[in-house]
Amino acid sequence: MVPFAGWSLPLHYEQGHLQSHLHTRRHCSLFDVSHMLQTRVYGRDRVRFMESLVVGDIAELKPGQGTLTLLTNEKGGITDDLIVTNTSEDHLYVVSNAGCADKDLAILRGRAEELQATGSDVHLEVSDNALLALQGPSMARVLQEGLSDDLAKLSFMNSITTTVFGVPGCQVTRCGYTGEDGVEISVPAGRAVELAERLLGVPDVWLAGLAARDSLRLEAGLCLYGNDIDETTTPAEAGLMWTLGKRRRTAMDFPGAAVIMAQVKEKPRRKRVGLTCGHGRRGWCCQLQLTSPCPHVPGTVTSGCPSPSLGKNIAMGYVEAAHSRVGIRLTVEVRKKQHPALITKMPFVPTHYYMVK
């Protein structure tokens, strides 16, 4: 168990990190992500409220559809990355990172109060639900046994409210942070253990902790807030411009729009890249300096670990945009020793997000 954003969370279980990671890729794992902040936004002005804070096109979301979006500041920096879902129950469902929970909630409440003062109809409710993530290629087979709804009709980033293995009022969203097909289940806290034990009764399902969650998301090329993105990083630098809807780019009505769109036009000076480095067990620590045969190409490694799936070290980092092309060779300084590195396309392993055909 380790401290994490004010919570005590499991780093790994008895099988160990390596086996847990590989089991998720091959079968199915259950992650307790109840530390994430879950918020519901009600009122007729809820979409306008949300779009005043994030870069995504929330108005275009169909009932039950969600999107990854970014909470930005006036300097164009990323305050947090969120998932916002337009539920079928007349509210928006927002999932935020645990490490950003206090500042996110302050921003949401502050903006709600501003709009309420001008007569807008919007109000927030913080959920006390638990949140369980079931991830891996056998997820659908495992979960379908406990659902009357047909999972084959539920696409990636879509959500339903249903009964799961006899527990009513669960919100099931087809998403996750492993790169595999998976769901996140928002479940009434009083019945979370019951549901978890029911899922773990299937031999295919193992418990997985923070270590596996981190290596899985890195293989999938996904950012960890506080490491790979933060308030000094813009969407253009982070390679996250796909989160900006066309209408929002034109309207430029989100925080930091002028800075972000100027970077799109003029190109950012640095970019997030993927890196691979040799074989072996020794991983890369965070916040190490990149060097290059050309001394004018500095950079920073922001996340790194040995990839259980690939058998080599992988990392993310930032380099000058002119030297960010896939295939460029750099060197990485680790504990005052130089190691060759290659800029590599992400994701490092293929992702398996499920889309209805």
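A cavity, in the sense I'll use today, comes from a 1 Å grid over the protein atoms alone: it is a set of points where a 1.4 Å probe fits but cannot get out. Grid points are joined across faces, edges and corners, and a volume is the space filled by probe spheres set on the points. By this rule, our protein has four cavities of 30 Å³ or more.

Before I go on, a quick word on what you're looking at. This is a predicted model, where local features need pLDDT of at least 70, side-chain atom pairs count only at pLDDT 80 or more, and totals for chains, interfaces and linings use all residues. Residues are numbered from 1 along each chain as its sequence is written, and side-chain values use heavy atoms, with hydrogens and water left out.

Okay, back to the holes. The largest cavity holds about 70 Å³ of space. Who lines it? A lining residue has an atom within 4 Å of a point, and here those residues are L9, P10, F31, D32, V33, H35, A208, G209, L210 and R213. Two elements each give two or more residues to that lining, namely β3 (28-32) and α6 (210-219). Those names come from DSSP runs, numbered from the N terminus: helices are H or I with at least four residues, and strands are E with at least two. What's the lining like by class? Six residues are nonpolar, two are polar and two are charged. For that count, Ala, Val, Leu, Ile, Met, Phe, Trp, Tyr, Cys and Pro are nonpolar, Asp, Glu, Lys and Arg are charged, and the others, Gly among them, are polar.

Let's stay with α6 for a moment. Is α6 mostly covered or mostly open? Mostly covered, with nine of its ten residues buried. Buried means under 20% relative accessible area, exposed means over 50%, and partly exposed is in between, using a 1.4 Å probe and protein chains only. The buried ones in α6 are L210, A211, A212, R213, S215, L216, R217, L218 and E219. They pack against β1 (2-4), β2 (7-9), α1 (17-26), β3, β16 (299-307) and β17 (312-320), where contact means heavy atoms within 4.5 Å. After α6 comes G221, with a positive phi near 70°.

Now compare helix α9, residues 257-266. Its buried residues are A257, I260, M261 and Q263. Why do they sit on the same side of α9? Because they cover an arc of only 150° around the axis, the arc being that of the directions from the helix axis to the C-beta atoms. On the face turned away from that buried side, you'll find the exposed residues A258, K265 and E266. The buried residues of α9 pack against β5 (65-72), α7 (235-238) and α8 (246-251).

Follow the chain out of α9 and you hit K267, in the loop between α9 and β14. K267 has a positive phi of about 75° although it is not a glycine. K267 is also exposed, at a relative accessible area of 61%. D90 is another non-glycine with a positive phi, about 60° this time. You'll find D90 in the loop between β6 (78-86) and β7 (92-96), and at 56% relative accessibility D90 counts as exposed.

There's a positive phi in a hairpin, too. Strands β10 (residues 159-164) and β11 (residues 167-173) pair in the antiparallel sense over five bridges; two strands pair if DSSP finds at least two bridges between them. One of the matched residues is T161, whose bridge partner in β11 is Q171. Two residues lie between the strands, and in this hairpin F165 takes a positive phi near 45°.

Last stop: strand β14 (residues 270-279), where R272 sits. Is R272 buried or exposed? Buried, with a relative accessible area of 15%. Leaving out residues up to four places away in sequence, R272 touches G221, C223, E237, A238, G239, L240, M316, G317, Y318 and M346. You've met G221 already, just after α6. And M346 has its own oddity: a cis peptide bond joins M346 and P347, with omega about 5°. P347 lies in the segment after β19 (337-344).

Definitions and conventions:
1 Å grid on protein atoms, 1.4 Å probe; cavity = no way out; pocket = protein on both sides within 12 Å on 5 of 7 lines; lining within 4 Å.
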